[in-house]
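Here's a quick briefing to read with the model open beside you. Have a look at the fold first, then come back for the details.

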Amino acid sequence: MPEASAAGAGELPRGAVVGPFSGPRAVWGEHLERAAERYGTAATWELYDDRGEAETARQIAEAVVAEGRHALVVGHFNSAGAAAALPVYRAAGLPVLLPLATTPGLLADSAGTLLRWCPDDRAQAADLLAAVRDAGHTRFAVTHDGSAYGERLALLVRDASAVARPALPSGAVVSDGSGPATGAVPVPAVLAEPSPEVLDVPEARMAEAVTALVVCGTHVGAARVGREWRAAGFAGAFWFTDDCAVDEFAELLGSPPAVGVASVARMRGGPEAHVDAAFAAAGAALSEDPGRTGRTLLAAVRAHADRGFTALGEPEAGSVGWDFVPVPAVTAAGTPRTAGRHGRAYDVIVVGAGVVGAATASALARHGARVALVAPMDGRQDHATAWSGGLVRSFEADPYLRGLALRSHHLAWGPAALAPGPYGFMTTGSLVLCGDADLEQAEKGVAELNGAGVPAELLDPGVLGARFPGLSVDGVTAAVWEPEAGYADPPRTARVYRDRALAHGARLLPARVRALDAPPGADRVRVLLEPGGPVEAFAVVLATGGGTGEIAGHRLSGAGAGRTKSIRYGFFHHPATAGLPTVVDMVSGVWGRPQLTGEAAGGYMAGRPVDEWDVPPGGEATLTDAHVAYIRQGAAARWPWLADPATRFLGGRQGVDLYTPHARPHLGRERAGSRIVLATGWSGAGFKTAPAAAELAAAEALDVLASG
């Protein structure tokens, strides 16, 4: 496993923040979001949405460790998720701060890599029983919401009850899950001295037998249990466990007449105080020395913390604890104070991890939209960006694409042409070789480029042959020459845009999208994830390239998206490549460019169209001997040195692009009034136009939001 790397010069260290930013427990993720905003000057906090799901949490942990860019992790909120993820972090030596995960024993195998900032549930169970007793309840019962989390808490209460029994005339044990005659809710079990006895009694008798009911579970499930018991006639007091210590719980539980007397367990000082304390200590340690990693960083976090920790990383006894506070009343007439927050639908979900998707997410996040970027983290790189050759120029024969390319020049490539910049841009100059049929658009294009401030000229074959002796000009009528064009690093560019999106608060969803559910007239779209379940958004941007047809529920599902096609190129070395620029040949279809740095540096990339259609998305960093021979044979007409046996093959790649029937991308809403925006299908020429395409896709998604 790669170790976390220290921040580079002038760069803030990175921290991964993992929690439920969507789904039924998203209200707890708000604590993490707000703290990341407050302490954003000390580190770049990248938010990963585990939706409170253990399997998703484990996948995020594996992705965070594989990236090797984070100094530490804050989260997970959900204890089951933390338990699944912690072994992954521990194996990598990545420090983890747990501000809200309360399951006992989480740190048992921590090996000194964890700090927990909150009390645990064993203490909660004991303190809860003491509070119920102090309130004068001598006969009470315990039930749960049916979730594994609630059942675990209820078992802890049972264990605490057994310990506390000598001090109590009567106590509580856990429901066996059997229900009353109505089958509506489970009947709790009541402790009868001298030993526990599960009583299967009608609900009315239960109401007479006990004066208090302890409900364990998630805030959604516990509220449901509370409503059902109150509706069935229970008149006693309710005591709820800590997941219910959120404003949303009062709405879910009901208006004051339906609530009665209700109290909820809350971490002493409130959960947000523990989250803030963890971020503050981490921020102070990273600000003091941004290069710290591993145990050295964790030791510095301890030194800056507002509380002490045991050698294992648990908070010292007495430094944390549990309070019990009344459930806050909702507003008059039961009007929800946080209407629409339950489940926290995203404003926009951007589906696609390539450069278009990442740039769209960045643009939306900069506008303040609540954005999730669905970027598969299962090791697959099936987006075209991963395998793109990265050619960048402003000329395109198609006027529509030319407009996108020119706008992209002003958004990204123009300033970057002065230096490698954030995208790894390399200035090589660019030639687009034209035949007779292309000459009219070439002349118009050169005029447009110069009018937009992009230097360009039309060269005749004689000038071409003299200036670039390694290039054959057979069949060429003219060429568009852009001296400031070249190529960039596509994966690096996508990462830059993704980082910008995260820096502005976008969240990452580690999953694959299988289907969209957007019924006509619905106010949001359900995005079906695998693993996981549905996530909701008010708009969705599909920037999924060759994978577009695999996603059900939109007008391009299946063959309507277009056809996927293989692309292949190799890197070759020969003295005749010296001084050759980037070349796109509209006559024969071949393309190429110098490789100035990195893999195959000093070589020349050459590609040739492949007549392989309807292939699955993906790519590989290898070519077969037959692939190489095919490229040499076809591209030698433009670069004769490829036929020379002395020309060395340095490596190659193959990927997949999506070709549309009309040879233009799908860019805009899928249909009038739809909440799904398309940004896909560039037929192999999308990288250079991605900044402008993302700008348009983001504007369309914002228009969806504005339309209600």
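What follows covers a helix pair, a small set of strands and an aromatic contact.

Keep in mind that this is a predicted model. The helix pair to look at is H12 with H16, the sheet is built from S16, S21 and S17, and the ring pair is Trp-45 with Phe-279.

**Helix packing**
- H12 (residues 355–366) packs against H16 (residues 490–503) at about 25°, and their axes are 8 Å apart.
- Angles under 35 degrees count as roughly parallel, so that's the label for H12 and H16.
- The crossing of H12 past H16 is left-handed.
- On the H12 side, the contact uses Val-355, Ala-358, Ala-359, Ala-361, Ser-362 and Ala-365; H16 brings Thr-493, Ala-494, Tyr-497, Arg-498, Arg-500 and Ala-501.
- Sorted by type, the residues of this H12 and H16 contact are eight nonpolar, two polar and two charged.

**The sheet**
- Three strands make an open, antiparallel sheet, ordered S16-S21-S17.
- S16 (391–392) and S17 (426–427) are the edge strands with a single partner each, so one side of each has no neighbour in the sheet.
- S17 and S21 (residues 486–487) run antiparallel and are joined by two bridges.
- Opposite Thr-427 you'll find Gly-486 of S21.

**Aromatic rings**
- The whole structure has 20 aromatic pairs.
- One of them is Trp-45 with Phe-279: the ring centres are 4.9 Å apart and the planes sit at 75°, so it's edge-to-face.
- Trp-45 belongs to S2 (residues 44–49) and Phe-279 to H10 (residues 271–288), so this pair ties together parts 234 residues apart in sequence.

Notes:
Residues numbered from 1 in each chain as written. Predicted model: local features only at pLDDT ≥ 70, side-chain atom pairs only at ≥ 80, totals over all residues. Heavy atoms only, no water. Axes fitted to C-alpha atoms, helices over the stretch in contact; angles between N-to-C directions. Helix = DSSP H or I, 4+ residues; strand = E, 2+ residues; numbered from the N terminus. Parallel < 35°, antiparallel > 145°, perpendicular 65-115°, else oblique. Left-handed = near helix turned anticlockwise from the far one by under 90°. Contact = heavy atoms within 4.5 Å. Nonpolar A, V, L, I, M, F, W, Y, C, P; charged D, E, K, R; others polar. Pairing = 2+ DSSP bridges. Phe/Tyr/Trp six-rings, centres within 6.5 Å; stacked < 30°, edge-to-face > 60°.
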